[in-house]
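Work through these exercises with the sequence and the 3D view side by side. Try each task before reading its solution.

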Amino acid sequence: MSDTWWKAAVIYQIYPSSFKDTNGDGWGDLPGIISKVDYLKNLGVDILWISPIYKSPQADMGYDIADYKLIDPIYGTNEDIDVLVAELKKRDMKLMMDLVVNHTSNEHAWFVDSISSKSSPKRSWYIWKDPAGSDSNGDPLPPNNWCQLLGDANSAWTYDPESKQFYLSLFTPEQPDLNWETPEVRAAVHDAMRFWLDKGVCGYRMDVINLISKDQRFPDAPVTNDGGKAKYHPGSKWYTNGPRMHEFLREVKREVLAPYKAVTVGEMPGVSDPDEVLKTVHQGDGELSMIFIFDVVDVDFVPGEGRLALRPFKTGDWVKDVVKWQRVMWERDGWNSVFIENHDNPRSVSRYCDDSDEWREKGAKLLALMQTTLSGTIFVYQGEEIGVRNMPKYWDGVLDKKARDHARTPMHWDGSPHGGFCGKDVKPWMRVMDDYVTFNVDVQTNSNSDDDLSIWQYWQRGLSNRKAHADAFVHGEFQSVDNAEGDDVFAYLKVGKESGTWVIVLNFSGDEVQWRMPSNVKVQGWVAGNYLKGKPDKPTEGTIGLRPFEGLLGRSAA
Ligand code: NOJ
């Protein structure tokens, strides 16, 4: 197996609480995942990445880990991991774990020790500071004005009345930040990583790994939140890709990743400078295999404000970021991930297309066609392969568009009660969406229409086509096609060393568009589209009528 086998792999993200319950507690579990390995193989998946399943009080759905070496009983046991790894191996598949080491749970033994006294040997494992003073009521003031990332009205610092000091907790008070300046912390992280690699996992998705190095001066953040009116503000500039981050990652690479040839994807929000990104993902001397760049999924964020501020956007606003990163990686020998969904974001068909009953299927396939033809390592998020959409309108305003829960509803396996996620008499931890009755894996994998594929079958075909022509779709050069008609049509070429040049044309509008093919693009023939199973019957030059959310894949003549 080559050292870069993972580049053409298909990685599937499992949100474990919502995947498949087998023991009747309404919460997904490892035996449930094991029972679906064949399903995933059939889809074309090579690597499963499971969101955190370690011992945790679940203050942030497992992104608050209380023991790095123990599977939480709600999911199963460490032995279940051995079984899963073995079952995957039989099918030539692998497991990727989630590594959350910017912070731990406040119930982790390290923190329990750290908070116990100022003289604890673990005190320096977390970030403790004296108050900045006291307010007019005599209450202690936090060391600076940073806000929490998961609740921006609150301070990122949590007060401990016993020791009269604050600890840094960027996400929530239940998630104290580890102090990576302390060498023993780094050694403990390396040790935890080796534990699962020794069990045969292939690597890690690394949670907010670009936040591990804080500017040790801990300066105040610029006053931006809520138009400057808020009490606390995002301090990101003082801890995103901070002063020692590359040094820490190089150390992780030397100590753990290189010896194990581990595959890594670093979650790196808030970074869009190619020079900075390439230090991490350069194929020669980068620190990690690849990262998640958030420009596309953060397209509706408002700079300087918390995650629940909303900026309206057009297709062209995010397409330009897709183009930017496709070109940067090609020109500068970097490597990227391809993704538009995960457990922190709304569903892609609702966000980038139209999730109405009329257009949902076309939109989901359009996004599949785009992703399966972009260069990089592709990630499919649980449910994306059947076109799961956002929950029906429940909240007003921004939450309706941005709530993380949209992506966390239980999986629709079949038309039985609760979509087959759990037994019929069991109460699922989160309500299953009503449309599971018609929109589910069972219906979509068994569909046998002469005219068209189901969304699932479309994904399956797209992933298999991607692998068959990996030279173009995974590794090839991306070239933009000039588009005179405006932002709604995203068209590009993918150039493969063996399979030649491919043309992809994607109409992201809900209207018919007359798209004029640029004269320098020559199509030999269309080979696939998202309106029917067979080959689209469309002109290969001049003006092409594209129906709402229509996508085409063609072979280039030259
Ligand atoms: C990013 C994870 O994806 C998110 O779910 C979590 O809340 C934060 N990191 C904190 O771990």
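At 42% relative accessibility, Asp226 counts as partly exposed. The model is a predicted one. The exercises start from this residue.

**Exercise 1. Place Asp226 and state what is unusual about its phi.**

Step 1. Locate the residue. Asp226 is in the loop between β11 (203–206) and α6.

Step 2. Classify its exposure. The partly exposed class runs between the cut-offs of 20% and 50%. Asp226 has 42%, so it counts as partly exposed.

Step 3. Read the backbone angle. Phi of Asp226 is near 55°, which is positive, and the residue is not a glycine. Most residues other than glycine have a negative phi.

**Exercise 2. Give the phi, location and exposure of Asp333.**

Step 1. Take phi. Asp333 has a positive value of about 60°, although it is not a glycine.

Step 2. Find the element. Asp333 belongs to the loop between α8 (315–332) and β14 (337–338).

Step 3. Check accessibility. The value is 38%, so Asp333 counts as partly exposed.

**Exercise 3. Which residue forms a salt bridge with Glu251, and where are the two partners?**

Step 1. Find the partner. Glu251 pairs with Arg186. Their closest N and O atoms are 2.7 Å apart.

Step 2. Map both ends. Glu251 is in helix α6 (residues 245–260), and Arg186 is in helix α5 (residues 183–198). The pair links distant parts of the chain, 65 residues apart.

Step 3. Check burial. Glu251 and Arg186 are both buried.

Step 4. Put the pair in context. The whole structure has 39 salt bridges.

**Exercise 4. Analyse the salt bridge of Asp357 with Arg389. Is each partner buried or exposed?**

Step 1. Take the distance. The closest N and O atoms of Asp357 and Arg389 are 2.9 Å apart.

Step 2. Map both ends. Asp357 is in the loop between α9 (348–352) and α10 (360–372). Arg389 is in the loop between β15 (377–381) and α11 (398–402). They are 32 residues apart.

Step 3. Classify Asp357. Its relative accessible area is 67%, so Asp357 is exposed.

Step 4. Classify Arg389. Its relative accessible area is 16%, so Arg389 is buried.

**Exercise 5. Which parts of the chain does the salt bridge of Arg360 with Asp435 tie together?**

Step 1. Take the distance. The closest N and O atoms of Arg360 and Asp435 are 3.0 Å apart.

Step 2. Map both ends. Arg360 is in helix α10, and Asp435 is in the loop between α11 and α12 (441–445), so the bridge ties together parts 75 residues apart in sequence.

Step 3. Check burial. Arg360 is buried, and Asp435 is buried too.

**Exercise 6. Which residues are linked with Asp38 in a network of salt bridges?**

Solution. Glu87, Lys90 and Arg91 join Asp38 in this network.

**Exercise 7. Describe the surroundings of the ligand.**

Step 1. Find the site. The ligand sits in the largest pocket.

Step 2. List neighbours. The ligand is surrounded by 13 residues. The closest are Asp60, His103, Asp207, His343 and Asp344.

Step 3. Look at polar atoms. A polar side-chain atom of Asp207 is 2.7 Å from a ligand oxygen. For Asp344, the corresponding distance to a ligand oxygen is 2.4 Å. An N or O atom in the side chain of Arg404 is 3.0 Å from an oxygen atom of the ligand.

Step 4. Assess the cover. The ligand alone exposes 290 Å², and the protein buries 98% of that.

**Exercise 8. How far apart, in sequence and in space, are the residues of three pairs: Asp355 and Asn390, Asn342 and Glu384, Asn78 and Gln13?**

Step 1. Start with Asp355. This residue is in the loop between α9 and α10. At 24% relative accessible area, Asp355 is partly exposed. Asp355 and Asn390 are 35 residues apart in sequence and 8.0 Å apart C-alpha to C-alpha.

Step 2. Go on to Asn342, in the loop between β14 and α9. Its relative accessibility is 5%, so Asn342 counts as buried. From Asn342 to Glu384 there are 42 residues in sequence and 9.3 Å between C-alpha atoms.

Step 3. Finish with Asn78, in helix α3 (residues 78–90). Its 12% relative accessibility makes Asn78 buried. Asn78 and Gln13 are 65 residues apart in sequence and 20 Å apart in space, C-alpha to C-alpha.

Conventions
Residues are numbered from 1 along each chain as its sequence is written. This is a predicted model: local features need pLDDT of at least 70, side-chain atom pairs count only at pLDDT 80 or more; totals for chains, interfaces and linings use all residues. Side-chain values use heavy atoms; hydrogens and water are left out. A salt bridge is a side-chain nitrogen of Lys or Arg within 4 Å of a carboxyl oxygen of Asp or Glu. Helices (H or I, at least four residues) and strands (E, at least two) are DSSP runs, numbered from the N terminus. Buried means under 20% relative accessible area, exposed over 50%, partly exposed in between (1.4 Å probe, protein chains only). A residue is near a molecule or strand if one of its heavy atoms lies within 4 Å of it. A polar contact is a pair of N or O atoms within 3.5 Å; within protein, one must be able to donate a hydrogen and the other to accept it, and residues adjacent in sequence count only if both atoms are side-chain atoms. Accessible areas come from the Shrake-Rupley method with a 1.4 Å probe; for residues, only the protein chains shown count as cover. On a 1 Å grid over the protein atoms alone, a cavity is a set of points where a 1.4 Å probe fits but cannot get out, and a pocket is an open set with protein on both sides within 12 Å along at least five of seven lines; lining residues have an atom within 4 Å of a point. A molecule sits in a cavity or pocket if more than half of its atoms lie within 2 Å of its grid points.
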